[in-house]
Amino acid sequence: MLFAVLLPLVLTLLIPFLSKFKDKVHTGIFVFFIPLGIFIFFVRFIGEGFSPELESYPWIPSLGISLDFYLDGLSLLFVLLISGIGALVTFYSIFYLHKSEKLAHFYVYLLLFMTAMLGVVLSDNVYLLYTFWELTSISSFLLIGYWNHRECSRYGAMKSMLITVFGGLSMLGAFMLLHVITGVTSVQQMIGSVDLILSSDYLPLIMTLLLLGAFTKSAQFPFHIWLPDAMEAPTPVSAYLHSATMVKAGIFLVARFSPIFHGYEWFFIVVSGIGIITLCWASYMAVRQTDLKGILAFSTVSQLGMIMAMLGFGTEAAVFAAVFHILNHATFKGSLFMIAGIIDHESGTRDIRKLGGLMTLMPISATLALFAALSMAGVPLPFLNGFYSKELFFENSLHIGDTTLWIASFLKQAIPYLAVFGSIFTFVYSMYFLFGTFTGKQKLEQLPKKPHEAPIGMLIAPAILVFGVIFIGLFPNLFNETFLAHAAEAISGEDTHEHIVYWHGLKPAFYMSLIVVAFGTLLYLFRKKWWSIYRAIPGSLSFNRVYNGILKGLDVYTAKLTKGYMNGSLRRYTALIVSTIIIVTGLVMAGTNGFTFKTDDLAPVTIPEILVGIMVIAGAVGTILAKNNVAAIIILGVSGYGQALLFVFYRAPDLALTQLVIETITVALLLLCFHHLPQLSRRTEGAGFRLTNAVIAVGFGTLMTLIGISAHSSKWFTAISDYFLETSHDLGGGDNVVNVILVDMRGLDTLFEITVLGIAAFSIYSLIKLRSKEGE
């Protein structure tokens, strides 16, 4: 599993080289075999005899963190969606993206995202899961902003990043609390400690933080606003990220951790409540859209809300229905996104107001859209997989478990009505997408180019997905015991034996489907009569306005705050920094009893040390009082060389030699450039100015003195020096303890210091080279 997860990441290193041949061979052809190979590797696990597998590799053993990958029915479902849809999207992109595009960038971002999603669904360690989770945010940011020359693409990428990263940090807080409570980092072991978690006082906070991560990633109300703006990405990105994979990461998170909260009634209230609100609001708003991908974006939000609501129900049948719809949604929504991309590619627009009558010009695309849209609408036909899971949703909305809280009881009664309401608008936007595009009067004069059927290569991927819609609809139980039941069992923890049939008889769920079709048809046919309702609801109100207002307010506030102290005065910057250090460090020392003074175990202080100390102090004061640059530099050197003598007296020859070298180089360099230094002159400042400087200077000097005394007097921990003395030879291979510490014990720290210096050197060299000839 480790190889499968990291394979796309490793191959990103080859993409820049392979893209050099893109004029002869499209880069997507090389990439296509990566998700296809991963799909073939994991598809062999499908079967009734499947059992979970765990692989573990050391990562940070000192913290108990390892690379744990766990494959059960739930993760297998998502892995197959990620790799299978990924392969189809990559194949589709070969014909969608022209060779003149930055193909190397696109496929590197795509493979990064693939690795991130595979890591999310396979990780059993919460910190590993979080690492991959944030990688999905970063890679999706890059994919959404792929066409970075468009302002709307940059805006959509930034919005998705801000919202999903906020949720990711919240989720990390939940993981840390779970780690503290259970003492483990494994997801499966946390699930095994469910009683310990449910009895914790932090349970409400854990659930809130965890659901924030899930809701932001899966675009649940009110965090759904990022998904429609993310549609500015190329269509392959929309088909992959926003229909089948990334937006389902939040669904996966809720499903994975739902066994912990199964007995917690507020989990049902929050998850099902937010899910059903998301379904209703997004389906209602989808009908308002005029952009094909905008319609599909809101439809994705509504479908995710439906899945989230079923996970909140918590019953075995509801969990199975949610799993079933995850699969079904990936098939019909992925194909619809690809068809929307085909229409845009061949007609030059996605504006449904300019489209119409394309059935005769694009018959294959229209046929594919017909099956996919009817499946999304839940039309009761025995060969459409969407109807099966939609009817299961209705059925389970009527059989929610017992509740005790009044708000849960109210929600239980309201959910069936809200489910029908949301599904009616689902039917309307499905018909709106289908008939508004392919039927009616042609408006060729409004199109940037005359539409025609897409090349066969672009039709293969959506055709395969539509075939999946029909095949699953005809043989749903073929996927049941061998595939879906294992995923449902991983969530509910119980053996799942559901039998999917088309005809359940004249039951309430079937009547609910008929109501949806009847009212949905009427609303679609007379949509112009009630369209004006959008002027009132939502009218001018919008969560996008709230988002934009928050960002604008932050910009204004932070600009004012920054201008308050960033005035170009180095003296002010230094004063603020030093004052902060004095206040914060002083408060910490006062609160931890750090102001202690002990004189035991001190080296003797003799006359030479006292004389050298006086010389160092005199040098420091003399530097301030010097009236010319040369004198100031030389007197400063006296202070530095005096410190070197103190190191010699106290038997630290290594430090003495280092101080001598540094001081010599510093004095020499300052003398070489003293001609270019500003002339020293007495400044006439007010008494308040001088008093502030004096207070800060004396305060900082006093603080450093107290810290030095406290470091000797406060023995809170065992001295680490003994460890270095005992192990420097065995671990570092040297008896010079200081050198061993610098090179081996803290070798990475030294390496990074050298790296920083190297970067600074290159930066200085670049600035010198870029200096204009006029000397500006």
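What span should the 15 residues of helix α10 have at 1.5 Å a residue? For α10, residues 203-217, the expected value is 21 Å, and the end C-alpha atoms are indeed 21 Å apart, so the two agree; the expected span of a helix is taken as 1.5 Å times one less than its number of residues. Before I go further with this helix, let me say what we are looking at.

This is a predicted model, in which local features need pLDDT of at least 70 and side-chain atom pairs count only at pLDDT 80 or more, while totals for chains, interfaces and linings use all residues. Residues are numbered from 1 along each chain as its sequence is written, and side-chain values use heavy atoms, with hydrogens and water left out.

As for the overall picture, the protein has 33 helices and 2 strands, where helices (H or I, at least four residues) and strands (E, at least two) are DSSP runs numbered from the N terminus. Taken along the principal axes, the C-alpha atoms fill a box of roughly 105 × 65 × 55 Å. Of the 776 residues, 49% count as buried; buried means under 20% relative accessible area, exposed means over 50%, and partly exposed is in between, with a 1.4 Å probe and protein chains only. Among contacts with a separation of 6 or more, 79% are between residues 24 or more positions apart, a contact meaning heavy atoms within 4.5 Å.

Let me return to α10. Of its 15 residues, 12 are buried, so the helix is largely enclosed by the rest of the structure. The buried residues include Leu203, Ile206 and Met207 towards the start of the list, and also Thr216 and Lys217. After α10 comes Ala219, with a positive phi near 55 degrees, although Ala219 is not a glycine. Ala219 sits in the loop between α10 and α11, and at 0% relative accessibility it counts as buried. Pro222 lies in that loop, between α10 and α11 (226-229), and the peptide bond leading from Phe221 to Pro222 is cis, with omega near 0 degrees. As background, most residues other than glycine have a negative phi, and most peptide bonds are trans.

Two further sites can be set beside that loop. Ile537 and Pro538 are joined by a cis peptide bond with omega of about 5 degrees, and Pro538 is found in the loop between α24 (533-536) and α25 (543-565). Arg651, a residue other than glycine, has a positive phi near 60 degrees; its place is in the loop between α28 (629-649) and α29 (653-672), and at 77% relative accessibility Arg651 counts as exposed.

Now to the strands. β1 (residues 53-60) and β2 run antiparallel and are joined by 7 bridges, where two strands pair if DSSP finds at least two bridges between them. One of the pairings puts Glu55 opposite its bridge partner in β2, Phe69. The hairpin has 4 residues between the strands, and Gly64 there takes a positive phi near 70 degrees. β2 (residues 65-71) is mostly covered, with 7 of its 7 residues buried: Ile65, Leu67, Phe69 and Leu71 point one way, whereas Ser66, Asp68 and Tyr70 point the other way.

Helix α4 (residues 73-96) has 24 residues and reaches 34 Å from its first C-alpha to its last, close to the 34 Å expected at 1.5 Å a residue. Because 22 of those 24 residues are buried, α4 is largely enclosed by the rest of the structure.

Next, a helix pair. α17 (residues 363-377) and α19 (residues 406-438) pack at an angle of about 170 degrees, with their axes 8 Å apart; axes are lines fitted to C-alpha atoms, for helices over the stretch in contact, and angles run from 0 to 180 degrees between N-to-C directions. That makes α17 roughly antiparallel to α19, a term used for angles over 145 degrees. The contact involves, among others, Ala369, Leu370 and Ala373 of α17 and Phe427, Met431 and Leu434 of α19. Its residues divide into 12 nonpolar, 3 polar and no charged, with Ala, Val, Leu, Ile, Met, Phe, Trp, Tyr, Cys and Pro counted as nonpolar, Asp, Glu, Lys and Arg as charged, and the others, Gly among them, as polar.

I will finish with Arg571, which is in helix α26 (residues 570-591) and is partly exposed, with a relative accessible area of 33%. Leaving aside neighbours within four places in sequence, Arg571 is in contact with Phe689, Thr692 and Asn693. Arg571 and Asn693 are 122 residues apart in sequence, yet 9.2 Å apart in space, C-alpha to C-alpha.

Definitions and conventions:
Parallel < 35°, antiparallel > 145°, perpendicular 65-115°, else oblique.
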